[in-house]
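Colleague: I'd like to understand the labels people put on a protein model. Can you take me through this one?

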Amino acid sequence: MSGERVRIVIADDHLVVRTGFGELLDTQPDFEVAGTAADGAEAVRVCGEVAPDVVLMDVRMPRMDGIEATRRLAGSGPRVLILTTFDLDEYVYDALRAGASGFLLKDVTAERLFDAVRVVAAGEALLAPAVTRRLISEFARLRPSGAPPVGAPVSALTPRETQVLRLIAEGLSNPEIAARLTVTEETVKTHVSRVLAKLGLRDRTQAVVAAYESGLVVPGGRR
């Protein structure tokens, strides 16, 4: 995160949404709205100019949608939060695959919005793990299995790392994984970091996607 203030770009094709979120975020002393964009292409350009920490990204926008914009931004620094009108939206799943750190409903409360931006800016995946798991499990079950899995094959992991990945996909937090495996939380953090590095993943959200798409975890099934 750059400096002490979280720099934010808001990308949405509706002016009222950009203005509303901007006014809310500007009430927080640790936030700075560094730019806005009316479509995905503009979002990519603006992010290149102002180097934000977090992007609030609508999915359905003209010229370039939020999924493609997220894909283009995934390796360049800013964390992406997808804005959507309802949670079980197939486009949200695609955006998570593209590298988004989570999603927010557009009718989110102000406090939830502030918390979400701070969590993502700190480098964490936004969603409560169980919510992420429910979303991804549902779409992994419904979608055809034609798309290549996210990241590298899970066969690159050690047995312990594979076990940790399964527990991440189950929705367990680091302290819960530590208790399950009878190890320290620091050891779990090390395993999680290695899982992300070996699979070429950015955060826990993508790890859950990878676990389902690789078949390591079966939607609706048991370990």
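**Salt bridges, helices and a sheet**

Modeller: Sure, and let's start with charged pairs: the structure holds 13 salt bridges. Keep in mind that this is a predicted model, where local features need pLDDT of at least 70, side-chain atom pairs count only at pLDDT 80 or more, and totals for chains, interfaces and linings use all residues. Residues are numbered from 1 along each chain as its sequence is written, and side-chain values use heavy atoms, with hydrogens and water left out.

Colleague: What makes Asp30 and Arg118 a salt bridge?

Modeller: The term asks for a side-chain nitrogen of Lys or Arg within 4 Å of a carboxyl oxygen of Asp or Glu. For Asp30 and Arg118 the closest N and O atoms are 2.8 Å apart, so the pair fits the rule.

Colleague: Which parts does that pair tie together?

Modeller: Asp30 sits in the loop between helix 1 (15-25) and strand 2, while Arg118 is in helix 5 (residues 110-121), so the pair links parts that are 88 residues apart in sequence. Helices (H or I, at least four residues) and strands (E, at least two) are DSSP runs, numbered from the N terminus.

Colleague: Why is Asp30 called partly exposed?

Modeller: Buried means under 20% relative accessible area, exposed means over 50%, and partly exposed is in between (1.4 Å probe, protein chains only). Asp30 has 23%, so it counts as partly exposed. Arg118 gets that label too, at 29%.

Colleague: And what is the label for Glu49?

Modeller: Glu49 has a relative accessible area of 56%, so it is exposed. Its salt-bridge partner is Arg45, at 3.0 Å from N to O, and Arg45 is partly exposed at 44%. Both lie in helix 2 (residues 40-50), four residues apart, or about one turn of the helix.

Colleague: How far apart are Arg72 and Glu68 in helix 3?

Modeller: Arg72 and Glu68 are four residues apart in helix 3 (residues 66-73), so about one helical turn separates them. Their closest N and O atoms are 2.9 Å apart, which makes a salt bridge. Elsewhere, salt bridges that share partners join Asp12, Asp58 and Lys106 into one network.

Colleague: Is Glu161 buried or exposed, and how do you know?

Modeller: Glu161 has a relative accessible area of 4%, so it is buried. This residue lies in helix 7 (residues 159-170). Leaving out residues up to four places away in sequence, Glu161 touches His191, Arg194, Val195 and Lys198; contact means heavy atoms within 4.5 Å.

Colleague: Why are helix 8 and helix 9 called roughly perpendicular?

Modeller: Helix 8 (residues 174-181) and helix 9 (residues 185-199) pack at about 110 degrees, their axes 8 Å apart. Axes are lines fitted to C-alpha atoms, for helices over the stretch in contact, and angles run from 0 to 180 degrees between N-to-C directions. Angles under 35 degrees count as roughly parallel, over 145 as roughly antiparallel, 65 to 115 as roughly perpendicular and the rest as oblique. Helix 8 and helix 9 are therefore roughly perpendicular.

Colleague: What is the strand order in the open sheet?

Modeller: The order of the five strands is 2-1-3-4-5, with parallel pairing. The edges are strand 2 (31-37) and strand 5 (102-105), each pairing on one side only.

Colleague: What makes strand 1 and strand 3 a pair?

Modeller: Two strands pair if DSSP finds at least two bridges between them. Four bridges join strand 1 (residues 6-11) to strand 3 (residues 54-58), so they pair. In strand 3, Leu56 is the bridge partner of Ile10.
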